[in-house]
Amino acid sequence: VLPTLGVTAECVTARAEEAVVTRRESYDFATSRAVARLNILLELTAPYVKVGGAVLAMKGTAAKEELAECKNAMEKLGLKLGIEVHGPNCGTGKACARLVDGVGAFPTVGVNYDTANVVYWGKDNPDTDIKFCPGKINYCHLKDKIGMDTSWNFPAIGAGELHLLDL
């Protein structure tokens, strides 16, 4: 599937600390889910990201606390961090924007806005929810959805029911 989309991918089975030796600053983005606290996660992922790239992290209930712990390191490393609209605690752009505001004036921390997750997790409509995030969106994950419910139905962009062009 990936080659038909023009995406080149490689599956690497290795410890992050070992694989970075040959892959340092090779990627535009690093992403993870349920790996470790943010300070540890940044140690593992940041070396892979090119200058100007970003670490996209899905974090849970301790996200605000973890961000505060990493603020200085992120600033020194010049990292951008996108807090993904995902899960019961950050299921809308509004909830993620509150989290970003809670970190304080820190321009490299923003929302990774996921249109379909707003519906799936937040039970909200991205057409109205996105308005709660002015100036806070670092990245946007455009994803379509069939059904304004919690069914796992994410078709190709344009094949679902979200009004992505209106965003």
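In what follows, contact means heavy atoms within 4.5 Å. The structure above is a predicted model, and the exercises below walk through it together.

**Exercise 1. The core around L38**

Task: Find which residues L38 touches, leaving out residues up to four places away in sequence, and place L38 in the largest nonpolar core.

Solution.
- Step 1. Start from L38 and apply the contact cut-off. The residues that L38 touches, not counting those up to four places away in sequence, are A57, K59, E66, L67, C70 and L81.
- Step 2. Now look at the core. The largest nonpolar core has 28 residues, and L38, L67, L81 and I83 touch the most other members.
- Step 3. Ask which elements build this core. Two or more residues come from each of α2, β2, α3, β3, α4 and β4. The biggest contribution is that of α4, with five residues.
- Step 4. As background, nonpolar side chains in soluble globular proteins tend to be buried together.

**Exercise 2. Helix α4 and its cover**

Task: Which residues of helix α4 (residues 93-103) are buried, and what covers them?

Solution.
- Step 1. Go along the helix and pick out the buried positions: G93, A95, C96, A97, L99, V100 and V103.
- Step 2. Look at what lies against them. The cover includes α3 (63-77), β3 (80-84), β4 (109-114), α5 (115-120) and α6 (126-129).
- Step 3. Keep C96 in mind for the next exercise, as C96 is one of the buried residues of α4.

**Exercise 3. Sorting the cysteines**

Task: How many disulfides are there, and where do C70 and C133 stand?

Solution.
- Step 1. Recall the cut-off: the two sulfur atoms must be within 2.5 Å.
- Step 2. Test C90 and C96. Their sulfur atoms are 2.2 Å apart, and the two residues form a disulfide. Both partners are buried.
- Step 3. Test C70. The nearest cysteine sulfur is that of C90, 16 Å away, and C70 is in no disulfide. C70 is buried, because its relative accessibility is 2%.
- Step 4. Test C133. Its closest cysteine sulfur belongs to C96 at 7.3 Å, which is too far for a bond. C133 also has a relative accessibility of 2% and therefore counts as buried.
- Step 5. The count comes to one disulfide.

**Exercise 4. Aromatic pairs and charges over rings**

Task: How many aromatic pairs does a search of the whole structure find, and what is the geometry of Y27 with Y48 and of F29 with Y139?

Solution.
- Step 1. The search finds six aromatic pairs.
- Step 2. Take Y27 and Y48. Their rings are 6.3 Å apart centre to centre with 40 degrees between the planes, a tilted pair. Y27 belongs to strand β1 (residues 27-33) and Y48 to the loop between α2 (38-45) and β2 (49-58), so the pair ties together parts 21 residues apart in sequence.
- Step 3. Check accessibility. Y27 is partly exposed at 33%, whereas Y48 is buried at 13%.
- Step 4. Take F29 and Y139. The ring centres are 5.5 Å apart and the planes are at 85 degrees, so this pair is edge-to-face. F29 lies in strand β1 and Y139 in strand β5 (residues 137-141), a link across 110 residues.
- Step 5. Check accessibility again. F29 is partly exposed at 46%, and Y139 is buried at 17%.
- Step 6. Look beyond these pairs. Y120, W121, W152 and F154 make up one aromatic cluster. K143 lies over the face of F154, 4.7 Å from the ring centre, and K94 lies over the face of F132 at 4.6 Å.

**Exercise 5. Two charged residues**

Task: Are R23 and K145 buried or exposed, and what do their side chains meet?

Solution.
- Step 1. R23 is in helix α1 (residues 16-23). R23 counts as buried, because its relative accessibility is 17%.
- Step 2. The side chains of R23 and T22 are joined by a polar contact of 3.1 Å. Not counting residues up to four places away in sequence, R23 touches E10, V12 and Y48.
- Step 3. K145 lies in the segment after β5. K145 is buried too, because its relative accessibility is 0%.
- Step 4. A polar atom of the K145 side chain lies 3.1 Å from the backbone oxygen of G147. Contacts of K145 include Y120 and F154, which are both in the aromatic cluster of Exercise 4.

Methods
Residues numbered from 1 in each chain as written. Predicted model: local features only at pLDDT ≥ 70, side-chain atom pairs only at ≥ 80, totals over all residues. Heavy atoms only, no water. Phe/Tyr/Trp six-rings, centres within 6.5 Å; stacked < 30°, edge-to-face > 60°. Helix = DSSP H or I, 4+ residues; strand = E, 2+ residues; numbered from the N terminus. Buried < 20%, exposed > 50% of the residue type's maximum accessible area, 1.4 Å probe, protein only. Lys NZ or Arg CZ within 6 Å of the ring centre and 35° of its normal. Polar contact = N/O pair within 3.5 Å; in protein donor to acceptor, adjacent residues only side chain to side chain. Core = buried A, V, L, I, M, F, W, Y, C linked by side-chain atoms within 4.5 Å.
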